Amino acid sequence: MAEFVPDSSKLIIKIVYYGPALSGKTTNLMRLHDMMETDRCGELMSFETKGDRTLFFDLLPLLIRSEKGFTVKFKLFTVPGQVAHDATRKAVLSRADGVVFVADSQNSQAVSNFESFDNLEKNAARVGLDFERLPLVVQFNKRDLADITSEADILRRWAPTGLPVTFSSALTGEGVRETFSHLLDATYTDLDRRYQLNDRHGIRPDHFAAVVPKAGMI
């Protein structure tokens with residue numbers, strides 16, 4: 001859950017990029033960082049290992065300030081994809097306010113995508129998140145590769161979930177901004193319902209939208 005301190009005019013929001021190993025979670029954050037205006041983001045920190053690109057997490061803090069002086073900070077994390085690091089995945093997922101599930105579009109990775117999404121649902125329950133209400137966007141990455149599942153098939157398969165689905169090639173930045181924007185919209189709606197951000201504190205949807213990189217910034 002968000003760290004919300006009205007007396008200190010502070011709101012800290014946690015967003016987690018989840019998905020199978022090497023699906024492009026870290027690359028999403030790298031591209032976002034490349035697109036960001038320098039006065040809106042901090043340093044991108046990455047912890048790498050031979051077994052998996054990101055053993056612990058990446059952290060990309062973004063900051064905005066409302067007209068009423070409210071400071072809103074977004075902290076973006078990724079989880080390790082390998083099964084062996086499930087305890088770390090749970091720790092990073094804990095208290096998340098929104099999740100981007102990064103799936104691999106290659107046909108050969110369909111089972112890995114399913115297993116990772118199932119793991120996300122189970123770990124959400126284990127750390128006390130309401131999966132049915134959790135702001136969640138599914139991104140199918142690696143659209144630039146050969147032998148990928150068609151957009152039509154993906155949309156048909158995921159339609160029963162009711163979840164928004166985006167398509168991307170994180171290496172080039174295509175779809176990265178759009179996915180992040182979708183997730184911020186869903187996260188704002190959820191937090192506004194819980195905390196009356198607009199009515200009580202003057203934090204509007206456009207304040208959240210202000211951290212989304214402008215088109216053509218990469």
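This report walks through the strands, helices, cores and a few single residues of a predicted model.

## Strand β4 and its partners

Start with strand β4, which covers residues 71-78. This strand is mostly covered. Of its eight residues, six are buried.

β4 pairs with β2, the strand of residues 10-18. That pairing is parallel and runs over eight bridges. β4 also pairs with β3, residues 60-65. Here the sense is antiparallel, and there are six bridges. K75 of β4 appears in both pairings: it is the bridge partner of K14 and the bridge partner of P61. In a regular strand, side chains alternate between the two faces of the sheet.

## The hairpin

β3 and β4 form a hairpin. Five residues lie between the two strands. One residue in the turn, G69, has a positive phi of about 85°.

## Where α1 meets α5

Two packed helices are described by the angle between their axes and the distance between the axes. Take helix α1 (residues 25-35) and helix α5 (residues 176-195). Their axes come within 10 Å. They cross at roughly 95°. An angle of 65 to 115 degrees counts as roughly perpendicular, so α1 is roughly perpendicular to α5.

Which residues make the contact? From α1 come N28, R31, L32 and M35. From α5 come V176, R177 and F180. By type, the contact residues divide into four nonpolar, one polar and two charged.

## Two nonpolar cores

The largest nonpolar core has 34 residues. Inside this core, the residues with the most contacts are L11, F74, L76, F180 and F208. Six named elements each give two or more residues: β2, α1, β3, β4, β5 (98-104) and α5. Which element gives the most to this core? It is α5, with seven residues.

F208 shows how the parts come together. Leaving out residues up to four places away in sequence, F208 touches L11, I13, I64, V72, F74, L184, T187, Y188, L191, L197 and I203. Another core lies apart from the largest one. This other core has 24 residues, and V92, A96, L136 and I154 are among them.

## V99: a residue in strand β5

V99 sits in strand β5. Is V99 buried or exposed? Its relative accessible area is 0%, so V99 is buried. The cut-off for buried is under 20%.

Look at the residues around V99. Setting aside neighbours within four places in sequence, V99 is in contact with V16, Y18, L93, L120, L134, P135, L136, V137 and L183. Compare its position with that of T78. The two are 21 residues apart in sequence, and their C-alpha atoms are 9.7 Å apart in space.

## S105: a residue in a loop

S105 lies in the loop between β5 and α3 (110-126). It is in a loop, yet S105 is buried, with a relative accessible area of 1%. Its contacts beyond four places in sequence are F140, N141, K142, R143, D147, I148 and T149.

H85 is 20 residues from S105 along the chain. The C-alpha atoms of S105 and H85 are separated by 23 Å.

## Two residues with positive phi

Most residues other than glycine have a negative phi. R95 has a positive phi, near 65°. R95 is in the loop between α2 (86-93) and β5. Its relative accessibility is 49%, so R95 counts as partly exposed.

Q196 also has a positive phi, near 50°. Q196 is found in the loop between α5 and α6 (197-201). With a relative accessible area of 26%, Q196 is partly exposed. Apart from neighbours within four places in sequence, Q196 is in contact with L191 and H201. L59 is 137 residues away from Q196 along the chain, and the C-alpha atoms of the two are separated by 27 Å.

Notes
Residues numbered from 1 in each chain as written. Predicted model: local features only at pLDDT ≥ 70, side-chain atom pairs only at ≥ 80, totals over all residues. Heavy atoms only, no water. Axes fitted to C-alpha atoms, helices over the stretch in contact; angles between N-to-C directions. Helix = DSSP H or I, 4+ residues; strand = E, 2+ residues; numbered from the N terminus. Parallel < 35°, antiparallel > 145°, perpendicular 65-115°, else oblique. Contact = heavy atoms within 4.5 Å. Nonpolar A, V, L, I, M, F, W, Y, C, P; charged D, E, K, R; others polar. Buried < 20%, exposed > 50% of the residue type's maximum accessible area, 1.4 Å probe, protein only. Pairing = 2+ DSSP bridges. Core = buried A, V, L, I, M, F, W, Y, C linked by side-chain atoms within 4.5 Å.
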